[in-house]
Amino acid sequence: MGDGARRAVAVLGSTGSVGVQALDLIGRFPERFEIVALAAGKNAELLARQIETHRPRLAVIEEEARRALLEPAARRARCEIVTGKEGLLAAASYPAADLVVAAVVGAAGLPPTYEALKAGKTVALANKESLVMAGALLMQTISKTGALLLPVDSEHSAVHQCLRGSRSEDVRRIVLTASGGPFRTTPIEELARVTPEQALRHPVWDMGRKISIDSATLMNKGLEVIEARWLFGLEADRLDVVLHPQSIVHSMVEMVDGSVLCQMGVPDMRAPLQYALGYPERFAGPVAAPDLAAQERLEFFTVDRRRFPSLDLAYGALREGGTAPAVLNAANEIAVSAFLSWRLDFPGIPRVVESVLRRHRPVPVTSLESVLEADAWSRGAAEEILSRGGAS
Ligand SMILES: NC(=O)c1ccc[n+]([C@@H]2O[C@H](COP(=O)([O-])OP(=O)(O)OC[C@H]3O[C@@H](n4cnc5c(N)ncnc54)[C@H](OP(=O)(O)O)[C@@H]3O)[C@@H](O)[C@H]2O)c1
């Protein structure tokens with residue numbers, strides 16, 4: 001546990017975009033937070049620097065072969081090093097941690113998120129893929145262990161903030177905002193020629209590679225719709241998406257009396273991170289309020305479903321239920337990585353996901369193993385489709 005006054009934090013995915021921003025924030029408030037564990041994938045150089053700065057008691061790197069790169073820093077900080085998947089699970093359930101920032105990217109984030117919730121931790125969840133893959137299982141775990149799940153995604157943080165003090169029967173629907181990504185206005189027939197570099201250039205947010213591509217296809221919003229279903233307990237027909245290119249309104253909640261509550265802020269992930277880290281308290285931090293008068297306009301548009309077919313694929317998987325969302329997620333991960341390595345064109349991403357979903361017969365999610373099995377099946381099916389030249 002922390003020393004009472006301070007919250008003891010484990011950051012999983014500390015070397016990523018969200019992880020680095022979480023550490024930036026935590027480093028500014030030594031009187032509030034203390035880092036007790038850090039876990040990374042491959043970036044041992046950055047993890048070593050983080051060990052020097054934050055002096056955790058535990059550090060985790062994916063591959064045993066990289067342990068030596070951490071040893072000098074770990075010795076100076078008196079920090080234990082563990083490696084591999086077991087290491088990641090150990091950081092997720094580290095007894096000294098009160099709060100776990102789950103910021104690993106993709107399906108690799110599910111086992112540690114599950115582990116942290118089983119251990120009854122407060123989890124600040126950036127890894128939306130966990131809830132997409134195994135929402136029912138994670139929510140059951142929370143009800144058993146009393147763990148607390150707080151969203152880090154700016155949209156869900158906005159909804160969480162709007163819902164404070166409301167009863168569930170007061171809410172008609174949730175409307176998630178989406179910036180529309182770099183191709184919101186690109187002629188549809190040009191999308192087959194866009195490059196990974198163009199797709200990675202998000203107009204508003206500076207994020208990791210996978211989520212940047214997901215934002216360009218709007219699969220990110222689809223995953224967020226599924227995430228919202230579990231976080232807020234609303235079915236698909238009460239979850240909506242609207243385009244809002246300025247990303248100032250982070251999402252909205254429509255009440256039964258026609259009032260719409262929204263949360264606004266500048267697009268800076270440290271704001272929702274700070275909300276989750278400090279919850280239920282608020283405190284002054286590095287993120288300033290938006291200057292609304294200086295904002296030329298705040299626009300809202302309906303999503304063009306033909307331009308962004310990934311969104312309907314996600315709604316479809318949510319309605320099918322069971323293992324379908326896990327299959328959607330895994331097929332998307334394979335398709336995104338194929339696009340990033342020039343093996344697939346941009347419109348090919350939803351085509352591959354759709355083809356895999358069409359082959360899948362969903363079964364109920366009963367355990368972590370059943371989800372991981374569906375995930376593995378989906379990856380195999382997606383690779384097979386890619387090896388035949390992608391779906392048409
Ligand atoms: N970036 C954003 O602004 C943002 C906003 C909302 C939600 N999110 C969500 O937050 C999550 C993280 O996104 P990101 O943009 O921060 O991704 P990112 O920059 O790619 O970072 C991913 C992190 O996960 C680590 N990692 C990857 N595979 C791993 C494995 N097998 N074992 C242990 N660690 C592993 C990486 O380690 P190495 O780099 O050391 O290999 C890195 O620390 C995603 O689920 C994303 O959807 C991100």
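**View 1. Helix α5, a well-wrapped helix.** In this predicted model, 7 of the 9 residues of α5 are buried, so the helix is largely enclosed by the rest of the structure. Those buried residues are Leu110, Pro112, Thr113, Tyr114, Glu115, Ala116 and Leu117. Just after the helix comes Gly120, with a positive phi near 75°. Helix α5 spans residues 110-118 and is also one of the elements on the side of domain 1 that touches domain 2, as a later view shows.

**View 2. The seven-stranded sheet.** Follow the strands across this open sheet and you meet them in the order β4-β3-β2-β1-β5-β6-β7, with parallel pairing. At the edges are β4 (80-83) and β7, each of which pairs on one side only. From one strand to the next, the twist averages 25°. Strands β1 (residues 7-12) and β2 (residues 33-39) are parallel partners joined over 6 bridges, and Arg7 stands opposite Phe33 of β2. Helix α2 (residues 44-54) packs on the sheet, where it touches β2 and β3 (58-61). The direction of α2 makes about 155° with that of β2.

**View 3. Strands β5 and β6 side by side.** Here β5 (residues 99-102) runs parallel to β6, and 4 bridges join the two. A handy pair to look for is Ala102, which stands opposite Leu125 in β6. Along β6 (residues 122-125), Thr122 and Ala124 point one way, while Val123 and Leu125 point the other way. Are these four residues of β6 buried or exposed? All are buried.

**View 4. Where the two domains meet.** The protein is divided into domain 1 (7-151) and domain 2 (157-267 + 295-387). Their centres, taken over C-alpha atoms, are separated by 25 Å. The contact takes 21 residues from domain 1 and 21 residues from domain 2. On the domain 1 side, α5, α6 and β7 (148-151) each supply at least two residues. Which of the elements gives the most to this side? It is α6, with 11 residues. The residues on the domain 1 side divide into 15 nonpolar, 4 polar and 2 charged.

**View 5. The ligand and its shell.** Both domain 1 and domain 2 give residues to the shell around the ligand, so the ligand lies between them. Of the 31 residues around the ligand, the nearest are Gly16, Gly41, Asn43, Ala126 and Gly208. Three helices each supply at least two residues of the shell: α1 (17-27), α6 (128-145) and α9 (209-217). Helix α6 may be familiar by now, as it also lines the side of domain 1 that touches domain 2. Sorted by character, the shell divides into 13 nonpolar, 11 polar and 7 charged residues.

**View 6. The four-stranded sheet and its helices.** This open sheet has the strand order β9-β8-β10-β11, with mixed pairing. Its edge strands are β9 (239-243) and β11 (260-264), each pairing on one side only. The twist averages 25° from one strand to the next. Strand β10 (residues 249-255) runs antiparallel to β11, and 5 bridges join them. Within that pair of strands, Glu254 stands opposite Val260 in β11. Helix α7 (residues 154-163) lies across β8 (171-178), β10 and β11, and runs at about 40° to β10. Helix α10 (residues 219-232) lies across β8 and β9, running at about 150° to β8.

How values were computed:
Residues are numbered from 1 along each chain as its sequence is written. This is a predicted model: local features need pLDDT of at least 70, side-chain atom pairs count only at pLDDT 80 or more; totals for chains, interfaces and linings use all residues. A residue is near a molecule or strand if its C-beta atom, placed from the backbone, lies within 6 Å of it. Ala, Val, Leu, Ile, Met, Phe, Trp, Tyr, Cys and Pro count as nonpolar, Asp, Glu, Lys and Arg as charged, and the others, Gly among them, as polar. Domain bounds come from an automatic or database domain assignment. Two strands pair if DSSP finds at least two bridges between them. Axes are lines fitted to C-alpha atoms, for helices over the stretch in contact, and angles run from 0 to 180 degrees between N-to-C directions. Two residues are in contact if their C-beta atoms, placed from the backbone, lie within 7 Å. A residue is buried if 20 or more other C-beta atoms lie within 10 Å of its own, exposed if 12 or fewer, and partly exposed in between; C-beta atoms are placed from the backbone.
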